[in-house]
Amino acid sequence: MDSIEFSRARRFKGEFHPTPDKSISHRAIIFSSLSQGTSVIKNFLRAEDPLSTLSAFRALGVDIDDSGEDIIIRGKGIHGLKEPDNVIDCGNSGTTIRMLSGVLAGNPFFSVLSGDTSLRSRPMRRVITPLSLMGAEISGRADNKYPPLAVKGKPLQAMKYILPVASAQVKSAIILAGLYAAGETEITEPAKSRDHTERMLPSFGAKIATTGLHITIKGGAEMQGGEIYVPGDFSSAAFFIVGALLIRDSDLTIRGVGINPTRIGLLNALKKMGADIEVRNIREVSGEPVADIHCSGGRELNAVTITEEDIPSLIDEFPVLCVAATQANGVTFIRGAKELRVKESDRIRSMATELGKMGAEIEEFEDGLSIRGKGVLKGGDIESYGDHRIAMAMSIAALIAEGKTTIRGISSVNISFPGFFDIVRRLTV
């Protein structure tokens, strides 16, 4: 059955390594495929979303060997991809469809990108518009709102573009198109979004530079393959961090977690709330900062205000932050988060509805929520809406609730975190 049952946990103790980073796994496949020579990807995330990217590049003619250990890619270079024989299935992965659009915009052949029901309802005009300005011929369903996307690659021209919304996926799509464009493409963000693309591309030989919110990418440079080690995913660790803070008798260490500053907004918010968190053994792995995170339960948390400026660095952690807010003193406000209405589910509505079922006092706004804390959560029948992060966040809520809680739609967790429930069971025994 596609459901699981939890009761209140007495402790969250032990240590573990989180799953490899999903965002970096996607990029490792893409950049290696577009490079000359052989690349080796270590600690790749074998979850549904990154595997959609891997399958997409196989369909484009890239030789990818997955032995179960390392991923070995014999790249085709910038201009070596071939026209796919069929529609490319991006599954549930917004990263795959948006970043691949940037690649295909500059390749001289026809391709179609589609995905599952959820992906086909995700907004695509935000990537179609800038790519069209560069000269790509790209169109989508419903007047360019949604997938499937039809792409006929053309010679591209560099441009200057101001992103209307801080989005790492859209930014990365334009950067990838910029590799094919004549001249120097310039991108300005309204706020800093995750910067894995900018960090990783120079190691492949791309001509990219970042100054604050301004990025430049020079077209025409061929890239060379290499070795990439994917660090642990902070977004996966986040559920366990919050679980350890909310369950009183907890002592948890999470090893090898990526702590990229553009990703750890949740960590900063929890520290402001008074959480007992230590970041230890900071080091660098493949250009990314990595650390061990130690968390203890029992300390009182206080409400916090999250603004639009904070949202890009905790975009994936919003659901589990809502769970933490239910146990904080005072009222937590999360605003400027309208982007969360167009993720795998409407995450604002999803969290308001499901935490409300458990007795949380929540007010929903168009761009966020207010959550009055210190209420007692009660078990119930919870729906995930096919959204992996809702399923995992509500599982953490179930561990602090009175009675039994059933979470439905848990197969969605395989999108990003196969084995999540096994780790929860092990740490709470």
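## An aromatic cluster

Phe6, Phe12, Phe16, Phe239, Phe240, Phe417, Phe420 and Phe421 form one aromatic cluster. The model is predicted: local features need pLDDT of at least 70, side-chain atom pairs count only at pLDDT 80 or more, and totals for chains, interfaces and linings use all residues. Residues are numbered from 1 along each chain as its sequence is written, and side-chain values use heavy atoms, with hydrogens and water left out.

Two rings of Phe, Tyr or Trp (its six-membered ring) pair if their centres lie within 6.5 Å. Planes under 30 degrees apart count as stacked, over 60 as edge-to-face and the rest as tilted. By this rule there are nine aromatic pairs. One of them joins Phe239 and Phe420. Their centres are 6.0 Å apart, with 75 degrees between the planes, and the pair is edge-to-face. Phe239 lies in helix α8 (residues 234-246) and Phe420 in helix α13 (residues 420-428), so the pair ties together parts that are 181 residues apart in sequence. Helices (H or I, at least four residues) and strands (E, at least two) are DSSP runs, numbered from the N terminus.

Are these two rings buried or exposed? Buried means under 20% relative accessible area, exposed means over 50%, and partly exposed lies in between (1.4 Å probe, protein chains only). Phe239 is buried, at 1% relative accessibility. Phe420 is buried too, at 0%.

## The sheet with β10 to β13

One open sheet of four strands has the order β10-β11-β13-β12, with mixed pairing. Strands pair if DSSP finds at least two bridges between them. At the edges stand β10 (160-162) and β12 (207-211). Each has a single partner strand, so one side of each is left without a neighbour in the sheet. From one strand to the next, the twist averages 15 degrees. Strand β11 (residues 184-188) and strand β13 (residues 214-218) pair in the antiparallel sense, over five bridges. Glu184 stands opposite Lys218 in β13.

Helix α6 lies across β10, β11, β12 and β13 and runs at about 30 degrees to β13. Axes here are lines fitted to C-alpha atoms, for helices over the stretch in contact, and angles run from 0 to 180 degrees between N-to-C directions. Contact means heavy atoms within 4.5 Å. How long should α6 (residues 168-180) be? The expected span of a helix is 1.5 Å times one less than its number of residues. For the 13 residues of α6 that gives 18 Å, and the end C-alpha atoms are 19 Å apart, which agrees. Of the 13 residues of α6, 13 are buried, so the helix is largely enclosed by the rest of the structure.

## The sheet with β19 to β22

Another open sheet has four strands in the order β19-β20-β22-β21, again with mixed pairing. Its edge strands, β19 (305-306) and β21 (361-365), each pair on one side only. Helix α11 (residues 347-357) packs on this sheet and touches β21 and β22 (368-372). The direction of α11 makes about 160 degrees with that of β21.

β19 pairs with strand β20 (residues 331-334) in the parallel sense, over two bridges. Thr305 stands opposite Phe333 in β20. Side chains alternate along β20. Thr332 and Ile334 point to one face and are buried, while Val331 and Phe333 point to the other and are not.

Arg335 has its charged end over the ring of Phe365, 4.0 Å from the ring centre. A charge sits over a ring if NZ of Lys or CZ of Arg is within 6 Å of the ring centre and within 35 degrees of the ring normal.

## Backbone details

Where is the cis peptide bond? It joins Pro147 and Pro148, with omega about 5 degrees. Pro148 lies in strand β9 (residues 146-152).

Ser286 is not a glycine, yet its phi is positive, near 50 degrees. Ser286 is in the loop between β17 (276-285) and β18 (288-296), and is partly exposed at 43% relative accessibility. Tyr385 also has a positive phi, near 60 degrees. Its loop runs between β23 (381-383) and α12 (388-399). Tyr385 is partly exposed, at 36%.

## A buried threonine

Thr406 is in strand β24 (residues 405-408). At 17% relative accessibility, Thr406 is buried. Leaving out residues up to four places away in sequence, Thr406 touches Ser3, Ile4, Glu5, Gly380, Asp381 and Ile382.
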